[in-house]
Amino acid sequence: MASSSSSSSCSSSSEKKITLKSSDGEALNVEKNVALEFEPAKGFLEDNSEEADDEAIVVPLPNVSAAVLSELIPYVKQRLELSAKPVQKKLIKAFDDQFTRHLSDDKLGELMLAANYLGVNYLLDVLCDVTADRIKNKSVEYVREFLGIQNDFTPEEEAELRAQCPWAFEGVDQD
Amino acid sequence: MSSSEAVASNDGLLTEILVHLPIKSLMKFKCISKHWQSLISSPGFSRRLYPDSHLVSGLILRPTYDCVIKKEYDFVPLKYTSTTAPFRSLTFVNHPSGLIILQSCNGLLLCASSISDWNIPCEYCIYNPTSHEFVTVPPLGDENSRFIRRIGLAYDPAKSSHFKIVCIRSDSLEVIQNAGISYQIEVYSSQTGSWRLSGVPFVLPYNSQYGAGVFWNGAIHWISHCHACLCFKVDEEQLQEMPMPPLTRDPADRIEGFMRSFVYFGESREHLHFVVNVDNHSKKFDVYEMQRDYSGYFVKYRVDLDVIIAAFPEMDVPSDEDDFLFFYAFDCYKYSILGIIREANDEESYMVLHIPGKVIRYKLNDKTFTKICDFHPGHEDVEGSQLEFTRLHAYHYMETLARFG
């Protein structure tokens with residue numbers, strides 16, 4: 001029951017639209033139910049609930065670029081449709097995999113920052129899992145470089161740490 | 001700054017990524033920077049990974065008879081999601097006689113070398129089987145360490161990352177006024193990194209038994225079949241005798257009472273359990289729990305193995321062994337209690353029972369049981385009612401990354 005009503009409302013052209021304004025000043029029209037998935041937009045809409053005409057509302061999202069928003073919006077929309085149906089977790093997992101598989105490391109980071117700022121926790125969880133998967137078998141040096149982290153151990157301190165846990169350094173991938 | 005760098009400089013996001021990493025990667029990435037090291041070793045992070053610090057993920061089992069030769073451990077997973085054995089043997093210290101486990105305490109294992117030979121000074125290590133980190137404990141003076149009779153690890157990560165090791169050693173084997181021999185307590189503190197004497201020597205009946213303790217309620221407890229059961233309050237450094245649950249219900253029934261005796265002693269989720277046989281056929285027992293103020297025990301659960309024996313007739317000893325076993329009422333059925341495990345929801349609390357070829361989870365409240373795994377530990381050609389494992393050799397595997405040392 002819930003699935004048919006929800007999917008029809010999502011595809012319905014009469015669905016109310018909200019305007020999101022990106023950090024680079026672009027205006028993006030989205031369905032209200034998608035906008036409500038973004039915590040800052042939800043808060044903004046609640047604060048401006050006396051406004052009769054949703055179409056007139058422009059929600060500023062000063063931390064997210066239009067490029068990132070335009071990737072997030074279709075993801076959230078489809079994910080909402082999927083989770084409204086009584087589908088198996090497997091299907092949602094397959095959808096998430098398809099979304100994240102081709103993301104560059106840089107795009108992955110951008111989406112993570114956006115998902116964190118927008119409070120889209122289910123996406124954040126997926127992105128963190130993907131990031132963890134990409135670095136788990138990498139060398140310490142690779143991860144430092146990848147994440148721009150300064151090594152503040154002395155060579156002696158680092159050697160001691162490595163000696164304490166030799167098993168952890170077995171089977172490291174080529175960088 | 002790249003987006004990845006921005007992510008890495010946000011501790012909230014970084015923590016979210018780290019919780020998705022396997023333990024091996026976490027141990028490796030402690031080397032990334034001091035900040036990563038402190039994040040991964042923080043108590044908060046360990047709680048994120050393992051929210052239930054009392055959860056027993058599995059039992060590490062040491063075969064009773066081949067421990068000295070092979071020193072290979074078996075593992076029984078207890079979580080409903082799969083858990084793999086943390087190790088097969090303890091090889092992190094290259095000790096000529098190898099290492100064996102003496103005690104498990106809140107995620108750490110107290111390990112020792114060469115306890116099989118009293119004349120060789122023993123070395124001790126503290127090992128976290130989750131992270132595979134370990135620290136070695138400096139030995140007592142050679143002359144003293146060979147007379148260690150009781151030992152115990154005290155570690156409570158909710159209170160401190162420091163641990164203590166308490167040992168009771170005999171000064172010499174000379175009997176004093178027919179009362180026993182002189183003992184001395186020594187305590188090792190990881191905070192100071194050294195051993196020191198605690199209190200003055202005292203006299204107890206000679207007890208050749210060597211035993212590791214059970215840590216509960218801020219104290220280490222040692223039980224004995226034929227001597228006083230002892231309890232050492234670690235912070236106060238007080239040794240006292242521990243009350244026992246009633247082993248004999250009828251005073252006229254002393255011999256049978258002795259035969260009943262206890263079959264299990266252990267801690268789980270801050271409860272101290274003591275399991276006592278209450279019939280002649282070793283089918284029924286009571287699980288006692290100690291009051292926190294040591295005022296006494298109360299019966300927490302009653303167990304009757306009838307339904308399990310009916311489901312697994314192989315537990316019944318063949319009748320031609322009856323005569324031989326006449327005086328050993330315990331051994332009428334083939335089983336051994338590997339653990340009494342309390343869950344956050346007491347309805348889920350269970351007993352781990354080893355029967356021939358299997359390990360069983362028996363729910364202590366609703367008395368239902370399920371097979372955990374098929375299990376043929378050690379040598380399969382061993383016949384008779386002696387199972388290869390007793391509770392003395394089953395150690396809790398509790399996953400934690402909490403700091404220690």
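Here are three short exercises on how chain A and chain B meet in this predicted model.

Local features need pLDDT of at least 70 and side-chain atom pairs count only at pLDDT 80 or more, while totals for chains, interfaces and linings use all residues. Residues are numbered from 1 along each chain as its sequence is written, chains are lettered from A in the order in which they are written, and side-chain values use heavy atoms, without hydrogens and water.

**Exercise 1.** Find how many residues of each chain take part in the contact, and what area is buried.

*Solution.* Start with contact, meaning heavy atoms within 4.5 Å: chain A brings 40 residues and chain B 31 residues. Next, take the buried area, the accessible area (1.4 Å probe) that two parts lose on being put together, summed over both. This is about 2,900 Å², with 70% from carbon and sulfur atoms. Finally, A:Leu147, A:Phe153 and A:Trp167 supply 19% of the area that chain A buries against chain B, more than any other three residues.

**Exercise 2.** Identify the side chains that form the salt bridge between the chains.

*Solution.* Look for a side-chain nitrogen of Lys or Arg within 4 Å of a carboxyl oxygen of Asp or Glu. The count is one salt bridge: A:Glu157 pairs with B:Lys34 at 3.8 Å, N to O.

**Exercise 3.** Decide where chain A calls for caution.

*Solution.* First, use pLDDT, the predictor's confidence in each residue, from 0 to 100: chain A averages 87, and 89% of its residues reach 70 or more. Then turn to residues 1–14 of chain A, where the pLDDT is below 50. Where pLDDT is low, the predicted coordinates should not be read in detail.
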